[in-house]
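Colleague: Please take a close look at one part of this structure and describe it in connected prose. The account should suit a first-year student, so kindly explain each term where it is needed.

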Amino acid sequence: MKHLPRRTLLCLCAALLLCPALAGCQGEGEGGGGTKEKLFDEPVTFTVMTYEHQSQQVNPSGLKYQAIQEATNVTLEFDITPLADYNTKKAAALGAGVLSDITYVTLDDITKFAGAGIFMDVTDKLEESVPNYYNRVADDKNWKTTKVEGRVLGFSVLNGSTENVSYGGYVPVIRYDILEKNNLQLPTTFDEWFVVMKQLKTIYPDSTPFSGRNKGANMLTPMSYAMGCPPGLYFDEETQQYAFGFLDAQYKEILNFFIRCYEEGILDPNWMSVDSNTWDEGVNNNKIFFWYDNGGFASSQTNSLQKSDPQAKMQVMPLMANAQGKKQGQLYNQNWYTSIWALSASAQEPDKLLTFMNWLYSDEGMYICNYGKEGESFDLEEDGSVTIPQEIVEKYRTATSPEYNWMSDYGLGLLSFTPLVNTSYSMNVQLGLVDTEFNSIVEADYEAGYYHFEAINPPLPEAERKTVANEVSQINALIWSGVRDFVEGTRPITEYDNWVSDMKAAGAEHVLEAYNAALSSLQ
């Protein structure tokens with residue numbers, strides 16, 4: 001496999017990612033400071049509609065937006081809505097066809113409203129008007145999935161950190177100190193894992209060794225993938241085709257494994273009603289020793305545990321071999337292809353808007369959007385690395401969340417209108433808060449070829465979308481109820497074939513045909 005260079009990384013938590021520019025735009029490799037010609041001779045104003053994440057404010061008055069204005073002569077006017085309410089507001093705006101110049105949407109929004117004529121069609125303008133974006137994505141097969149009927153109707157959020165690979169993803173996390181305390185070995189296979197979890201249940205009878213923040217089948221899905229296949233629709237790396245796990249004979253064995261976990265008390269008996277709060281509470285009360293999810297949570301849980309037990313350590317573990325002797329796991333895609341900045345088809349100055357978008361995907365735009373003003377809030381080294389002035393670093397040393405608090409104050413990063421994200425996590429690096437052990441463990445499995453990046457589902461032809469969406473909805477409902485009933489024993493596993501037949505009747509084979517045909521059309 002192609003090896004990507006090692007990165008310095010703070011694990012992702014949520015939830016939860018270069019070609020000559022146009023005339024007047026900073027060239028590649030240069031920073032955001034110094035005296036230079038602005039992107040536009042005359043002032044320009046663009047409107048932006050976006051959400052505000054609970055972890056970080058957008059802060060239009062942050063230094064970043066002053067730096068953008070100084071470099072481009074562009075003033076941004078924001079329409080900001082809390083994340084919890086944004087989808088409702090966005091749906092109303094899309095339905096009415098009244099958009100800001102730049103609006104945050106998802107790939108699903110693009111697909112649903114592609115025929116409404118509300119998004120600027122940039123298909124034929126990319127190479128000439130937005131080369132900084134096009135040259136980053138042109139050869140990436142995942143980018144092709146953002147096209148709808150061959151058209152490009154927006155700009156995905158990209159990872160501009162070319163020297164880094166993100167090790168965020170669905171990983172197995174375990175209490176190392178609890179294993180050591182009880183002279184238990186770190187499991188290397190799922191069979192060994194079952195024995196270890198059963199022993200922990202015996203030692204700590206009030207515990208629920210395996211739990212999580214996502215209820216029901218969603219809790220089991222990442223682990224199911226590692227064991228061979230998840231129950232629902234997924235991209236099979238070996239066949240390079242879409243598949244349904246329940247159609248594979250090995251999923252029945254995986255389901256039997258979880259049935260045993262439930263019967264032995266290894267699986268949380270409240271697995272159908274857990275959430276983030278019950279999960280954190282269980283970990284902090286020494287009741288949960290293992291989970292399979294976004295590894296970024298391990299660090300925060302370890303910090304909480306160590307307040308009362310300095311030896312406590314919740315940490316990612318190497319991938320375990322499944323019944324076929326294979327190891328496999330999923331990392332998040334390197335780019336946020338389903339997160340899109342769409343331009344209004346009614347924008348008053350479309351050419352200037354495209355020129356501005358091109359600037360945002362330049363090196364200069366990336367450094368300003370992620371770090372603010374060169375010489376004031378960051379220094380750019382010759383090798384392209386960034387250093388934050390020490391007086392700024394010290395200001396956030398005791399903050400609740402140094403990285404997010406810093407980005408909130410300065411208006412920086414992914415959650416504050418940054419189409420080209422630099423994921424170097426400079427604040428946490430300089431504060432010494434980066435979990436290097438996490439990196440080394442996951443990187444070893446990545447370099448061995450065990451981890452794969454999540455696939456982005458291709459858009460379906462308009463004639464298929466509604467039918468397939470209805471079929472997938474019915475199939476997912478059957479998966480959810482079936483997994484619950486089988487695991488809890490209210491439905492005998494002898495009815496597994498009947499369950500599969502029900503999902504075939506709901507259109508499983510048609511769904512696969514549609515997605516694999518859509519995949520083939522991208523080649």
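Modeller: A residue is called buried if its relative accessible area is under 20%, exposed if that area is over 50%, and partly exposed in between (1.4 Å probe, protein chains only). The model is predicted, so local features need pLDDT of at least 70 and side-chain atom pairs count only at pLDDT 80 or more, while totals for chains, interfaces and linings use all residues. Residues are numbered from 1 along each chain as its sequence is written, and side-chain values use heavy atoms, with hydrogens and water left out.

I shall begin with the sheet. Helices (H or I, at least four residues) and strands (E, at least two residues) are DSSP runs, numbered from the N terminus. Two strands pair if DSSP finds at least two bridges between them. Six strands make up an open sheet of mixed pairing, in the order S2-S1-S3-S11-S4-S14. At its edges stand S2 and strand S14 (420-421), each with a single partner strand, so one side of each has no neighbour in the sheet.

One may now walk across this sheet from S2. Strand S1 (residues 44-52) runs parallel to strand S2 (residues 74-82), and nine bridges join them. Within this pairing, valine 48 of S1 stands opposite phenylalanine 78 in S2. Between these two strands the chain passes through helix H1 (residues 63-72), and the resulting β-α-β crossover is right-handed. That term applies if, with the strands pointing away from the viewer, the path from the first strand over the helix to the second runs clockwise.

S1 is also joined to strand S3 (residues 102-106), in parallel and by two bridges. Here methionine 49 has threonine 103 of S3 as its bridge partner, and valine 48 has isoleucine 102 of S3. Valine 48 therefore has a partner named in S2 and another in S3, as expected where strands pair through bridges.

The next step changes direction: S3 and S11 run antiparallel and are joined by five bridges. Tyrosine 104 stands opposite tryptophan 341 in S11. Strand S11 (residues 336-343) is mostly covered, with seven of its eight residues buried. Its pairing with strand S4 (residues 155-159) is antiparallel as well, over three bridges, and valine 157 has tryptophan 336 of S11 as its bridge partner.

The aromatic residues come next. A pair of aromatic rings is described by the distance of the centres and the angle of the planes. Rings of Phe, Tyr and Trp (its six-membered ring) pair if their centres lie within 6.5 Å; planes under 30 degrees apart count as stacked, over 60 as edge-to-face and the rest as tilted. One aromatic cluster consists of Tyr51, Tyr65, Phe78, Tyr86, Tyr104, Trp341 and Phe417. Phe78, Tyr104 and Trp341 have already appeared as residues that stand opposite a partner in the sheet.

A search of the whole structure finds 36 aromatic pairs. One of them joins phenylalanine 194 and phenylalanine 257: the ring centres are 5.8 Å apart and the planes meet at 65°, so the pair is edge-to-face. Phenylalanine 194 belongs to helix H8 (residues 190-203) and phenylalanine 257 to helix H10 (residues 249-263), so that distant parts of the chain, 63 residues apart, are linked. Both of these phenylalanines are buried. Tryptophan 279 and tryptophan 291 also form an edge-to-face pair, at 5.0 Å centre to centre and 80° between the planes. Because tryptophan 279 lies in helix H11 (residues 276-284) and tryptophan 291 in strand S8 (residues 290-294), this pair ties together parts that are 12 residues apart in sequence. Both tryptophans are buried.

Charged side chains also meet aromatic faces. A charge sits over a ring if NZ of Lys or CZ of Arg is within 6 Å of the ring centre and within 35 degrees of the ring normal. Arginine 260 lies over the face of phenylalanine 194, 4.1 Å from the ring centre. Lysine 313 lies over the face of tyrosine 176, at 4.7 Å from the ring centre.

Finally, consider the loop that leads to S4. Threonine 145 is found between helix H6 (141-144) and S4, and its 2% relative accessibility counts as buried. Contact means heavy atoms within 4.5 Å; not counting residues up to four places away in sequence, threonine 145 touches Leu107, Ile456, Asn457, Pro458, Pro459 and Leu522.
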